[in-house]
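Take a walk through this model, starting from its interior and ending at its loops. Keep the sequence at hand along the way.

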Amino acid sequence: MGFKSFVKKVGKAIGSGLDTIINTIGEIGGRLIGLPGFIFDLFVPWPRKKLRLRILILKDENGDPLSDTRDLVVESRAAYDLARTILRREANVKLISYGNLPRVEVLDVNPPTAALEPRCRGPFIDTWGAANWFYVQWKQYSVSILLLGNGAPISAFIVREIEEGKNVGCSPGAFADHLVVSLAGLSFESNDDVDVTRVTSTTLAHEIGHSCGLNYMGFQEHSDKKNNLMFATQKERGTNLNRLQIAGLRNSRFVTYL
Ligand SMILES: [Zn+2]
C-alpha cells in the first residue's frame, strides 16, 4: 500500500467512525431527554410529530438506471406514500421531506459495487466498509448534526441487491441516519392475479421502524405477529404497531415536535 492510499484509507475510517460515534451518542442522549415524552406516548401518542425522509435512488457503476423495465422514481414515491400513511395512522407521525428538496431523487453519481450490493452485517461492523463510506458521503446532511443528529433527516438509498438477495431492506438501527432498500424491497409481483402486477412493499416503512429503534426497544429485532409492521417477511407482514412500538418510534431522535 502506497502512502497516499494509506492516508486515504485512514481518512475514510475516521469519517465513517465519526459518523457512527455521532449517531450513537445522539441516539443515547435523545432517548434519555425524550423519556418523559416516551412515557406520555405510551398512553396517548399526541401531538403529531414530524419525521424527515429522503429517498436517494442509486444508478449502477456506469451511471445507467438500475432497472430498464421499472420506473424506480414512481415506485419510490409509492413506497414513500405508503410509509407516510402507515406512520400517520399508527403513530401520529407526519413523514415529510427535508427543506424544499424533493422526497425522491436519483443520485447522479457512479457508486461502487459495494454500495449497490451491501452486505448488511450489522451496525459497528458495516461502519468500516466501502458501502458505508459511500452512504456517509452522499446522505442528506442537515444542521441537526450540531444536535448529534436529533431531528436529522433519514436518507433511504435504493440499491440493486442486499446480501445477495437474502434480504430486501437493511437499517443499521439508530446508529446511523441512513438505510437501504433493494429493488426487490421496493415492490414485488403479486401472485394472486391473472395479470402480473407489482405491489408496493412495506419494506421502506419497516426499515424506518428499525432506524427509529424498533424493535430493539422491545429487545427483539422483529415482531412475531404477522399483522405487525415489524414482522420480518415483506409479503406476509401487516402495518400495525403496538403501544410500546408507537412510543419507541415517537421517542426516536429522528421524530420531533417541530
Ligand atoms: Zn427487519
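What follows treats the core, a strand, two helix topics and then the loops.

The model is predicted. Begin with the nonpolar core. In soluble globular proteins, nonpolar side chains tend to be buried together. Here the largest nonpolar core has 51 residues, and Ala83, Ala156 and Ile158 touch the most other members. The most residues in this core come from α3, which gives 7. Take Ala83 and set aside residues up to four places away in sequence. Its contacts are then Leu95, Leu204, Ala205 and Ile208.

Two of these contacts, Leu204 and Ala205, are listed among the buried residues of α7. How many residues of α7 are buried? The count is 9 of 9, so this helix is largely enclosed by the rest of the structure. The buried set is not purely nonpolar in its names. It runs through Thr203, Leu204, Ala205, His206, Glu207, Ile208, Gly209, His210 and Ser211. After α7 comes Gly213, with a positive phi near 95 degrees.

Now turn to strand β6. This strand spans residues 178-182 and is mostly covered, with 5 of its 5 residues buried. In a regular strand the side chains alternate between the two faces of the sheet. In β6, His178, Val180 and Ser182 point one way. Leu179 and Val181 point the other way. Residues on both sides are buried.

Which strands pair with β6? One is β4, which runs parallel to β6 and is joined to it by 5 bridges. Within β6, His178 stands opposite Ser155. Another is β5, which pairs with β6 in the antiparallel sense over 2 bridges. There, Cys170 has Val180 of β6 as its bridge partner. Val180 belongs to the group that points the way of His178 and Ser182.

Next, look at a helix pair. Two packed helices are described by the angle between their axes and the distance between the axes. For α2 and α8 the angle is about 145 degrees, and the axes are 8 Å apart. The crossing is right-handed. On the α2 side, the contact is made by Phe38, Asp41 and Leu42. On the α8 side, Arg243, Ile246, Ala247 and Arg250 take part. What is the make-up of this contact in nonpolar, polar and charged residues? It has 4 nonpolar residues, no polar ones and 3 charged ones.

The loops hold some backbone exceptions. Most residues other than glycine have a negative phi, and most peptide bonds are trans. Start with the peptide bonds. Trp46 and Pro47 are joined by a cis bond, with omega about -10 degrees. Pro47 sits in the loop between α2 (35-43) and β1 (49-57). Leu214 and Asn215 are also joined by a cis peptide bond, here with omega about 0 degrees. Asn215 lies in the loop between α7 (203-211) and α8 (243-250).

Phi comes next. Asn92 is not a glycine, yet has a positive phi of about 55 degrees. Its place is the loop between α3 (72-91) and β2 (93-96). Is Asn92 buried, partly exposed or exposed? Asn92 has 16 C-beta neighbours inside 10 Å, so it counts as partly exposed. Glu164 also has a positive phi, near 55 degrees, and is a residue other than glycine. Its loop runs between β4 (154-159) and β5 (169-170). Glu164 is exposed because only 8 other C-beta atoms lie within 10 Å, and the cut-off for exposed is 12 or fewer.

Two more loop positions relate parts of the chain that are distant in sequence. Ile145 is in the loop between α5 (130-138) and β4. Ile145 has 15 C-beta neighbours inside 10 Å, so it counts as partly exposed. Its C-alpha atom is separated from that of Asp19 by 9.6 Å, and the two residues are 126 residues apart along the chain. Ala232 is in the loop between α7 and α8. With 14 other C-beta atoms within 10 Å, Ala232 is partly exposed. Ala232 and Arg77 are 155 residues apart along the chain, and their C-alpha atoms are separated by 22 Å.

Key:
Residues are numbered from 1 along each chain as its sequence is written. This is a predicted model: local features need pLDDT of at least 70, side-chain atom pairs count only at pLDDT 80 or more; totals for chains, interfaces and linings use all residues. Helices (H or I, at least four residues) and strands (E, at least two) are DSSP runs, numbered from the N terminus. A residue is buried if 20 or more other C-beta atoms lie within 10 Å of its own, exposed if 12 or fewer, and partly exposed in between; C-beta atoms are placed from the backbone. Two strands pair if DSSP finds at least two bridges between them. A nonpolar core is a set of buried Ala, Val, Leu, Ile, Met, Phe, Trp, Tyr and Cys residues joined through C-beta atoms within 7 Å. Two residues are in contact if their C-beta atoms, placed from the backbone, lie within 7 Å. Axes are lines fitted to C-alpha atoms, for helices over the stretch in contact, and angles run from 0 to 180 degrees between N-to-C directions. A crossing is left-handed if the near helix is turned anticlockwise from the far one by less than a right angle, and right-handed if clockwise. Ala, Val, Leu, Ile, Met, Phe, Trp, Tyr, Cys and Pro count as nonpolar, Asp, Glu, Lys and Arg as charged, and the others, Gly among them, as polar.
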